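I opened the notebook to log what I looked up in this structure. Each entry covers one topic.

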Amino acid sequence: MIKRYLDDTEKNITVAVDNTDRLLHRLKNGELDFALVEGFFDSNEFASRLFRHEPFIGICGKGHRFAGKTVSLEEVFSEDLLIREKGSGTRTILEQLLGEHNYTVGKFRRVVCISSFGLMTDLISNGIGITFAYEAVLGSGRVAPFYISGSETFRDFNFVYLDTPDAACAVNDFISSCRD
């Protein structure tokens, strides 16, 4: 979407990649026009526009024994879990899903916290650990999906912004510029 936006040489953009908590903090401080988040936000505090409803799945290396399979939740606990830092939407969602089954991330063989999803993908594609993320991650072609039996989870990606005319205009301009 950013490439399509920048195809118009009259447009400029500053892109910040960060966790949901920090992006929302920057929105409140007026440092950003809008943020694209997959985490939780207070709809009383922010306006939003749905971007995409995305499956939340297991991610492993292409050669991993889980690749393309459906496995039990108990099976994944024998793995090393690569997870984002506290405040990350994907971490919060995983912790919530585990909590629904009375588990925490501490149930995994080992938990490694990595703030860069790019580094995490590199490690996973090289056979180090698994994670849970959105199906869109598979576009890289370097990792494979796996699924948890009896668990199908979808989450929303939203453009989130302060409820002001300027912020709404910035979101609308970005979206309209990026349409195919």
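**Entry 1: F132 and the cores**

I started with F132 and skipped its neighbours within four places in sequence. F132 is in contact with F56, I57, G58, V76, L81, T90, L94, F108, F146 and I148. I note here that the model is predicted.

Next I looked up the largest nonpolar core. It has 22 residues. Those that touch the most other members are V76, L94, F108, F132 and F146. I then asked which elements give two or more residues to this core. They are β2, α3 (73–76), β4 (80–83), α4, β6 and β7. The largest share comes from α4, with four residues.

There is another core, apart from that one. I count it as listed: eleven residues, including A47, F159, A167 and F174.

**Entry 2: The cavity**

How many cavities of 30 Å³ or more does the structure hold? I found one. The largest cavity has about 40 Å³ of space. I wrote down its lining: I83, R84, T90, R91, L94, T131 and F132. So F132 from my opening entry turns up again, because it is listed in this lining. Two elements, α4 and β6, give two or more residues to the lining of the largest cavity. Of these, α4 gives the most, with three residues. By class, I logged three nonpolar, two polar and two charged residues in this lining.

**Entry 3: The largest pocket**

I moved on to the pockets. The largest pocket holds about 1,300 Å³ of space. It is lined by 43 residues. I asked which of them are closest to its centre. They are I2, V15, A16, V17 and L36.

Many elements are involved, and I listed those that give two or more residues to the lining. They are α1 (2–6), α2 (20–28), β1 (35–37), β2 (47–61), α4 (89–99), β6 (131–134), β8 (153–161) and α6 (165–178). The largest share is four residues, and it comes from α2. I also sorted the lining of the largest pocket by class. It divides into 23 nonpolar, ten polar and ten charged residues.

**Entry 4: The second largest pocket**

The second largest pocket holds about 330 Å³ of space. I found 20 residues in its lining. Nearest its centre lie F56, I148, S151, E152 and T153. The elements that give two or more residues to this lining are β2, α4, β7 (143–148) and β8. I noted that β2 gives the most, with four residues. By class, the lining of the second largest pocket has twelve nonpolar, six polar and two charged residues.

**Entry 5: T153**

T153 caught my eye in the last entry, as one of the residues nearest the centre of the second largest pocket. I looked up its place. T153 is found in strand β8. Is T153 buried or exposed? Its relative accessibility is 10%, so T153 counts as buried. The cut-off for buried is under 20%. I then checked its contacts, leaving aside neighbours within four places in sequence. T153 is in contact with E54, P55, F56 and L97.

**Entry 6: Strand β8**

I stayed with β8 and looked at the whole strand. Seven of its nine residues are buried, so β8 is largely enclosed by the rest of the structure.

Then I looked up its pairing. β1 and β8 run antiparallel, and three bridges join them. β2 and β8 also run antiparallel, and nine bridges join that pair. I picked N158 in β8 to follow across. V37 has N158 as its bridge partner. L50 stands opposite N158 too.

**Entry 7: N12**

Last, I looked up N12. Where is N12 placed? It is in the loop between α1 and α2. I checked its accessibility next. N12 counts as exposed, because its relative accessibility is 69%. The cut-off for exposed is over 50%.

I also took one distance, C-alpha to C-alpha. N12 and I128 are 38 Å apart in space. In sequence they are 116 residues apart.

Conventions. Residues are numbered from 1 along each chain as its sequence is written. This is a predicted model: local features need pLDDT of at least 70, side-chain atom pairs count only at pLDDT 80 or more; totals for chains, interfaces and linings use all residues. Side-chain values use heavy atoms; hydrogens and water are left out. On a 1 Å grid over the protein atoms alone, a cavity is a set of points where a 1.4 Å probe fits but cannot get out, and a pocket is an open set with protein on both sides within 12 Å along at least five of seven lines; lining residues have an atom within 4 Å of a point. Grid points are joined across faces, edges and corners, and a volume is the space filled by probe spheres set on the points. Ala, Val, Leu, Ile, Met, Phe, Trp, Tyr, Cys and Pro count as nonpolar, Asp, Glu, Lys and Arg as charged, and the others, Gly among them, as polar. Buried means under 20% relative accessible area, exposed over 50%, partly exposed in between (1.4 Å probe, protein chains only). Two strands pair if DSSP finds at least two bridges between them. A nonpolar core is a set of buried Ala, Val, Leu, Ile, Met, Phe, Trp, Tyr and Cys residues joined through side-chain atoms within 4.5 Å. Contact means heavy atoms within 4.5 Å.
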